[in-house]
Amino acid sequence: QWLSDRKKRALQKKDVDIRRRIELIQDFEMPTVSTKIKVSRDGQYIMAVGTYKPRIRCFDTYQLSQKFERCLDSEVVTFEILSDDYSKIVFLQCGRFVEFHSQHGHYYRTRIPKFGRDFSYHYPSCDLYFVGASSEVYRLNLEQGRFLNSLQTDASESNVCDINPVHYLFAMGTAEGKVECWDPRTRNRVGLLDCALSSVTADTEIDGLPSISALKFDGALNMAVGTSTGQVLLYDLRSSNPLIVKDHHYGLPIKSIQFQHQLDLIISADSRIIKMWNKDTGKIFTSMEPEYDINDVCLYPNSGMLMTANEAPKMNIYYIPVLGPAPKWCSFLDNLTEELEENPESTVYDDYKFVTRKDLENLGLAHLIGSSLLRAYMHGFFMDIRLYHKAKMMANPFAYEEYRREKIRQKIEETRAQRVQLKKLPKVNKELALKLIEEEGEEQQVTRKRKQKNLPSLLKDDRFKVMFENPDFQVDEQSEEFRLLNPLVSKISEKRKRKLKILEELEAREEEEEEEPEGKASDAESSESSDDEKGWVEEVRKQRKLLRQEEKVKRQERFKEDQQTLLKPQFFEIKEGEEFRSFKDSAKKQKLMKKTLGDRLKLEEKLGMLNVSDTTVGSKQATFKLKKSEQQKKQQEAEKQHRQERKTLRRSASHLKSKRGRGRLFH
């Protein structure tokens, strides 16, 4: 999928395996997305609907190719094949339309009152039952060609429905998480199951009320119900409690439920995963997680073949030989699977190298993340092997020399291993290795007495091999956690440290002499009595005291460093129209805020900001004077000055008028 078309064509010429690939049905795909897929009852035709544009495609399995394609006016919600072949099909479409197709094509079209979500066909009475965004179940009789009286339910909306193939009981799943069962003969409700309550178990985490998203009958008595929160409930119709509750653990609505009778399996699918599990025990048989989201799953009858409609143009076909034989139109698959079992081949990525983010940083290629040179995969990336080799040569040009030295060292160690050796300890975690050797010796003595089998050694186990080779796994004995969790280690390790010194001296002599030792070194076990029997509580206290002392020393060092550091003065700019106030004002405010309300009232009363007086009724009346800021005081002073200026102007104007009047009279 990463290769271009030209490279694919070139590979087809070179690679024999690519030329041997099988395409079961030619052009088994949709233009953009496939939504539903079904198989006709005779098994000859596979029909799928999808977009875009809305269409149906019919594939003939005998010819292994497409039979016909028909485009539709609106998207298909679901469809049903009424006949054994493709001659009678019913489509429920998005715009409330119900469309009927015959062998030649479009036959008739009608509408239902509300938007539909699912429908089922009742064969004895030729009735179609439609459920959707309504409390009613609409009935359309195909023999009479008219709508019949609808069934009135207690649900606000219904999502799915199904009719039992044995006794024709009609069941519908509601948005409230209930399943209502109706008898088509009497048109009365005969049962009600609260699946939302039963789906909640101790392990499940549910955010909202689960609604019913899938429904399927199996025989006369069994029914499987899928919820919108990812649970599948298997019911016996004689009981209101589920036989088993299976959780997909994805929290996604169940899209499809199928029954596989050969192995007693239930195949349930949500948009992410297809799970196959035993209907009696709930044990997982297998699971498949396709690359794209799943819309529908169809099980080819009496075979091990699965087909999926998904959010991609290509519709997937899976063949699982354990579930059953291959269909008769592709029986050659059985021979192919037998050959594959005989010659298992491991997949090797020759052209790509898998690298983690840490590897990219070491190579200096972290800047390539997000580019076309790296393909994101799981916890790392795939990159071209040629680019990887070039980058490695540039990052470490002496890698080959190091590799050569390492190989020589391994060969020398292999030759040394053939000699009669002392107890050699690993380079990493020597004390831990010595402790394990001592414990193994004690256990061997106990097992000899009791005549039991010896347990495998941790030092020889490949799973723990890295712990004694990689220095990243070195135990830090000076860490706080180690000292508190292992208070007696300091005393117990004294004995081991002596042993370590003796063993290291012997190893050094062996390396200098490079001769085979005639015998093993003595364990040099001292007969001195150890103080290991003392209480570990005292040791924990001592360790804690030591840790406190160390913390004090660190604090003193930090304090000295702080004193040595010189603090530079910082300057702040004051906004325009504001005056600088001393830091004492803020301190006074903080003190005032700490005081009680009574103390603050007394203080304000002294300053004249508050006046408390008794009323005639007996209660107290308090009047406050708000403090004025400097800006408000300046504004008031400016207003006063403005008023005085206006008064003087008025007086002068009136004086001039009076003088003019007197002058005229005199004239």
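What share of the contacts in the protein chain with a separation of 6 or more comes from residues 24 or more positions apart? I looked this up at the outset, and the share is 44%. I note here that the model is predicted.

**Entry: the chain as a whole**

I recorded 14 helices and 32 strands in the protein chain. The chain has 667 residues, and buried ones make up 32% of them. I then looked up the exposed surface, which comes to about 46800 Å². Carbon and sulfur atoms supply 49% of that area.

**Entry: a sheet of four strands**

I turned to an open sheet whose four strands follow the order β1-β2-β3-β4 and pair in the antiparallel sense. Which strands stand at the edges of the sheet? They are β1, residues 33-39, and β4, residues 65-71. Each has a single partner strand, so one side of each is left without a neighbour in the sheet. With direction ignored, neighbouring strands here are turned by 20° against each other on average.

I followed the pairings one at a time. Six bridges join β1 to β2, the latter being residues 45-51, and the two strands are antiparallel. On this pairing I found I37 opposite A48 in β2. Strand β3, residues 55-60, is likewise joined to β4 by six bridges in the antiparallel sense. R57 has E69 in β4 as its bridge partner. The hairpin of β3 and β4 has four residues between the strands, and L64 takes a positive phi near 55° there.

**Entry: the loop between β2 and β3**

I examined the peptide bonds in this part of the chain. The bond joining T51 and Y52 is cis, with omega about -5°. The bond joining Y52 and K53 is also cis, with omega about 15°. Y52 is found in the loop between β2 and β3, and K53 lies in that loop as well. For background, I note that most peptide bonds are trans.

**Entry: the nonpolar cores**

Which residues touch the most other members of the largest nonpolar core? I found F28, I37, I46 and M307, in a core of 20 residues. Strands β1, β2 and β26, the last being residues 305-310, each supply at least two residues of this core. The most comes from β26, which gives three. As a general remark, nonpolar side chains tend to be buried together in soluble globular proteins.

I then listed the contacts of I46, leaving out residues up to four places away in sequence. Among them are I25, F28, I37, V39, F59, M307 and W329. The list also includes K38, R57, C58 and T61. I37 thus appears in my notes both opposite A48 in β2 and in contact with I46. A second, separate core has 14 residues, including L169, C195, I212 and L215.

**Entry: a second hairpin**

I looked next at β11, residues 136-141, and β12, residues 146-152, which run antiparallel and are joined by five bridges. N141 has R146 in β12 as its bridge partner. The two strands form a hairpin with four residues between them. In the turn, G145 has a positive phi of about 75°.

**Entry: aromatic pairs**

I counted 11 aromatic pairs. How are the rings of F354 and F382 placed? Their centres are 5.6 Å apart and their planes stand at 70°; an angle over 60 degrees counts as edge-to-face, so this pair is edge-to-face. The pair links distant parts of the chain, with F354 in strand β28, residues 352-356, and F382 in strand β30, residues 380-384, 28 residues apart.

I checked the exposure of both residues. F354 is partly exposed, at a relative accessible area of 29%. F382, at 6%, is buried. Both belong to one aromatic cluster, together with Y352 and Y377.

**Entry: positive phi in two loops**

Most residues other than glycine have a negative phi. I therefore noted R187, which is not a glycine and has a positive phi of about 55°. R187 is found in the loop between β15, residues 178-183, and β16, residues 188-194. Is R187 buried or exposed? At 42% relative accessibility, R187 counts as partly exposed.

M378 is another such residue, with a positive phi near 55°. M378 lies in the loop between β29, residues 374-377, and β30. Its relative accessibility is 70%, so M378 counts as exposed.

Notes: Residues numbered from 1 in each chain as written. Predicted model: local features only at pLDDT ≥ 70, side-chain atom pairs only at ≥ 80, totals over all residues. Heavy atoms only, no water. Pairing = 2+ DSSP bridges. Axes fitted to C-alpha atoms, helices over the stretch in contact; angles between N-to-C directions. Buried < 20%, exposed > 50% of the residue type's maximum accessible area, 1.4 Å probe, protein only. Contact = heavy atoms within 4.5 Å. Areas by Shrake-Rupley, 256 points an atom, 1.4 Å probe, with all protein chains shown as cover. Core = buried A, V, L, I, M, F, W, Y, C linked by side-chain atoms within 4.5 Å. Phe/Tyr/Trp six-rings, centres within 6.5 Å; stacked < 30°, edge-to-face > 60°.
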